[in-house]
Amino acid sequence: MQIARGLKALRARARLTQSEVAKHAGVSVGTVNRYETWQDRAKLRIPTVRAIADTCGATSDELDTLIQLVRNQENGWWMDHPAVPEVLDPLMSFEDVAEYEHVFANALVPGLLQTPRYALALHEAQDVRTGADAIASKVDARVKRQAILERTPALHLWVVLDDAVLRRRVGGVDVMAEQLDHLYAMAQRPNVDIQILQFTAGAHAAGSGGHFLILGRDDTGDPLGNVSVVYLELHKRGLYLDAPTDVQSYKLMFDYLRSQAADTSASLQLLAEARQELNR
């Protein structure tokens, strides 16, 4: 999506049509259209991106940014992992270059904070009629994705968890107790903030909407290097939004959710209390 947006912006700046770009870049009009509309994203080729960008007068910095984005996508571990569906490829790519990720979770612990046993219980419940090996592969993919929190510089993760996330006993008492212990430990890391949106808060900014993520990176020196996208998790697919009005709307919603949730210190106490309730 970021590559497509960049190529489209370059062409608009150059005031060229897709046909004109195709003619000078030595590719078909269909190819230009596919690259600008984010189709066949797993098959992007550096020479093609370079040809299109050069034709549109990209600067050397802009060209380097676009090529690096393609390389990041090509080299991602998720590209060859059998358990990562195509719809999640872009999410992994965005996380790879993002500086921060903001998550609202209304029912389940977000994937970046799940323990392996919690993830296993989820997949066993939702992937009915799926073999044990395939489910184990999905859990492996989820755990590998969490390495993004260990990189340097680390991704900053800010999560607002609805109270329901703490009360739903995924996998039973033992699995949930381990998961709550993990949340408590992660919440004390400098690159992770967790806030609990209590039932007592009543109606909130997300209304009846569900789980969403905002991924971002602000690069004032290189507009093509900016990342700003919303990912909506649906039952069988994901939806990506990058229109500025859409992203701004979700950012505003997340700001209000943070203000309506307990602060990080109080949320730590709430996590500890939820954990203690499992011992009763």
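This report describes the fold, the sheet, the nonpolar cores and a few single residues of one protein chain.

The structure is a predicted model, in which local features need pLDDT of at least 70 and side-chain atom pairs count only at pLDDT 80 or more, while totals for chains, interfaces and linings use all residues. Residues are numbered from 1 along each chain as its sequence is written, and side-chain values use heavy atoms, with hydrogens and water left out.

## Overall make-up

The protein chain contains 12 helices and 6 strands. Helices (H or I, at least four residues) and strands (E, at least two) are DSSP runs, numbered from the N terminus. Of the 280 residues in the protein chain, 48% are buried. Here buried means under 20% relative accessible area, exposed means over 50%, and partly exposed lies in between (1.4 Å probe, protein chains only).

The accessible surface of the protein chain is about 13900 Å², and carbon and sulfur atoms account for 50% of that surface. Accessible areas come from the Shrake-Rupley method with a 1.4 Å probe; for residues, only the protein chains shown count as cover.

A contact means heavy atoms within 4.5 Å. When contacts in the protein chain between residues at least 6 apart in sequence are taken, 73% of them join residues at least 24 apart.

## The sheet

The 6 strands form an open sheet with mixed pairing, in the order 3-2-1-4-5-6. Two strands pair if DSSP finds at least two bridges between them. Strand 3 (192-197) and strand 6 (238-241) are at the edges and have a single partner strand each, so one side of each has no neighbour in the sheet. On average, neighbouring strands of this sheet are turned by 15 degrees against each other, direction ignored.

Three of the pairings are set out below.

| Strands | Sense | Bridges | Residues standing opposite |
|---|---|---|---|
| Strand 1 (residues 100-105) and strand 4 | antiparallel | 5 bridges | Glu101 and Leu215 |
| Strand 4 and strand 5 (residues 227-233) | antiparallel | 6 bridges | Gly216 and Ser228 |
| Strand 2 (residues 156-162) and strand 3 | parallel | 6 bridges | Trp158 and Asp193 |

Strand 4 covers residues 212-217, and 6 of its 6 residues are buried. Phe212, Ile214 and Gly216 lie on one side of strand 4, with Leu213, Leu215 and Arg217 on the other, and both faces are covered.

Helix 11 (residues 244-260) lies across strand 1, strand 2, strand 3, strand 4, strand 5 and strand 6, and runs at about 110 degrees to strand 4. For such angles, axes are lines fitted to C-alpha atoms, for helices over the stretch in contact, and angles run from 0 to 180 degrees between N-to-C directions. Tyr256 belongs to helix 11. Tyr256 is partly exposed, at a relative accessible area of 47%. Although 51 residues separate Tyr256 from Ala205 in sequence, their C-alpha atoms are 6.1 Å apart in space.

## The nonpolar cores

In soluble globular proteins, nonpolar side chains tend to be buried together. A nonpolar core is a set of buried Ala, Val, Leu, Ile, Met, Phe, Trp, Tyr and Cys residues joined through side-chain atoms within 4.5 Å. The largest such core holds 62 residues, and Leu113, Leu161, Leu183 and Ile194 have the most contacts inside it. Helix 10 (residues 173-186) supplies the largest share of this core, with 6 residues. Apart from this core lies another, of 15 residues, including Ile214, Val230, Met253 and Phe254.

Outside its neighbours within four places in sequence, Leu183 is in contact with Val109, Leu113, Leu161, Leu166, Ile194 and Leu271.

## Helix 8 and the loops beside it

Helix 8 (residues 132-145) has 14 residues, and at 1.5 Å a residue it should span 20 Å; its end C-alpha atoms are 20 Å apart, which agrees. The expected span is 1.5 Å times one less than the number of residues. Ile135, Ser137, Val139, Ala141 and Arg145 are the buried residues of helix 8.

The loop between helix 8 and strand 2 contains Pro153. The peptide bond from Thr152 to Pro153 is cis, with omega near -5 degrees.

Arg129 sits in the loop between helix 7 (116-126) and helix 8. Its phi is positive, about 65 degrees, although Arg129 is not a glycine. Arg129 is exposed, with a relative accessible area of 89%.

## A further loop residue

Arg15 lies in the loop between helix 1 (2-14) and helix 2 (18-25). Arg15 is a residue other than glycine with a positive phi, near 55 degrees. The relative accessible area of Arg15 is 76%, and Arg15 is exposed.
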